[in-house]
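Here is a short report on one protein chain. Look over the sequence and the model first, then read on.

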Amino acid sequence: MKIRYGALMLSALLLAGCSWMPHFGKHAPAQAQTLMKSLSGEVDFRLAQEPPSDAYLEVTLSDVSKKDAPARVIATDRISPVGVSPVPFVLSYEPADLAGGVDFAVSARIKQGDRTLAANDTQVMVLGRSGNDGPVRVAIAELH
């Protein structure tokens, strides 16, 4: 009886000990060098009529440092349904994704499928040289 009890205890200890051992042959997950950051704000809009039920709000953080190249998208928040104005948003990004840029902007548009119903017509500069780290207010207008 003592031998069986001893063998059972030894097995339990060995199994418990294995839980802290590294898994050989598998790579350990890479340690994150940076933590995610976020930029929050609100989108304010005035539309002639309520957005359609299948419309969504798309808010984008982009690197607009290079004037002769398309903006590099860093983060996007898609909010559906649109709801009533103002609509809060949060853009989560890796600080490393800002490397190489000095000018960043937030843009917002209300879309229905591929069709843009409303968009901001003024650049809202954030982060980088602007020093604006939120909260951000973006005003969008209906397109005609």
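T60 is buried, with a relative accessible area of 6%. That is under the 20% limit for a buried residue. T60 belongs to strand β2. What is T60 in contact with, leaving aside its neighbours within four places in sequence? The partners are V73, A75, T76, L91, A105, V106, S107 and R109.

The model shown here is predicted. What follows moves from the overall fold to the core, and then to the charged pairs.

**The fold**

The protein chain has one helix and eight strands. The helix comes at the N-terminal end of the order, and the strands follow it: α-β-β-β-β-β-β-β-β. The chain holds 144 residues, and 33% of them are buried. Its accessible surface is about 10200 Å². Carbon and sulfur atoms account for 58% of that surface.

Contacts also reach across the sequence. Take the contacts between residues at least 6 apart in sequence: 65% of these join residues at least 24 apart.

**The core**

In soluble globular proteins, nonpolar side chains tend to be buried together. The largest nonpolar core in this model has 28 residues. V43, L57, L61, V106, I110, V126 and I140 have the most contacts inside it. Which strands supply at least two residues each? They are β1 (37–46), β2 (56–63), β3 (72–79), β4 (87–93), β5 (104–112), β6 (115–119), β7 (124–126) and β8 (136–142).

I140 is one of the core residues with the most contacts. Set aside its neighbours within four places in sequence. I140 then touches V43, D44, F45 and R46, along with L57. Its other contacts are A108, I110, A118, A119 and N120. V43, L57 and I110 appear both among these contacts and among the core residues with the most contacts.

**The charged pairs**

The structure has six salt bridges. The table gives three of them, with the distance between N and O atoms.

| Salt bridge | N to O distance |
|---|---|
| E42 and R137 | 2.5 Å |
| R109 and E58 | 3.7 Å |
| D103 and R129 | 2.6 Å |

Start with E42 and R137, which form a salt bridge. E42 is in strand β1 and R137 in strand β8, so the pair links distant parts of the chain, 95 residues apart. Are these two residues buried or exposed? E42 has 31% relative accessibility and counts as partly exposed. R137 is also partly exposed, at 49%.

Next come R109 and E58, joined by their side chains in a salt bridge. R109 is in strand β5 and E58 is in strand β2, so the pair ties together parts 51 residues apart in sequence. R109 is partly exposed, with 23% relative accessibility. E58 is buried, with a relative accessible area of 19%. R109 is also one of the contacts of T60.

The third pair, D103 and R129, is a salt bridge as well. Here both partners sit in loops: D103 between β4 and β5, R129 between β7 and β8. They are 26 residues apart. D103 is buried, with a relative accessible area of 11%, whereas R129 counts as exposed at 62% relative accessibility.

Some salt bridges share partners. Together they join E42, D44, R46 and R137 into one network. D44 and R46 from this network are also in contact with I140.

Methods. Residues are numbered from 1 along each chain as its sequence is written. This is a predicted model: local features need pLDDT of at least 70, side-chain atom pairs count only at pLDDT 80 or more; totals for chains, interfaces and linings use all residues. Side-chain values use heavy atoms; hydrogens and water are left out. Helices (H or I, at least four residues) and strands (E, at least two) are DSSP runs, numbered from the N terminus. Buried means under 20% relative accessible area, exposed over 50%, partly exposed in between (1.4 Å probe, protein chains only). Contact means heavy atoms within 4.5 Å. Accessible areas come from the Shrake-Rupley method with a 1.4 Å probe; for residues, only the protein chains shown count as cover. A nonpolar core is a set of buried Ala, Val, Leu, Ile, Met, Phe, Trp, Tyr and Cys residues joined through side-chain atoms within 4.5 Å. A salt bridge is a side-chain nitrogen of Lys or Arg within 4 Å of a carboxyl oxygen of Asp or Glu.
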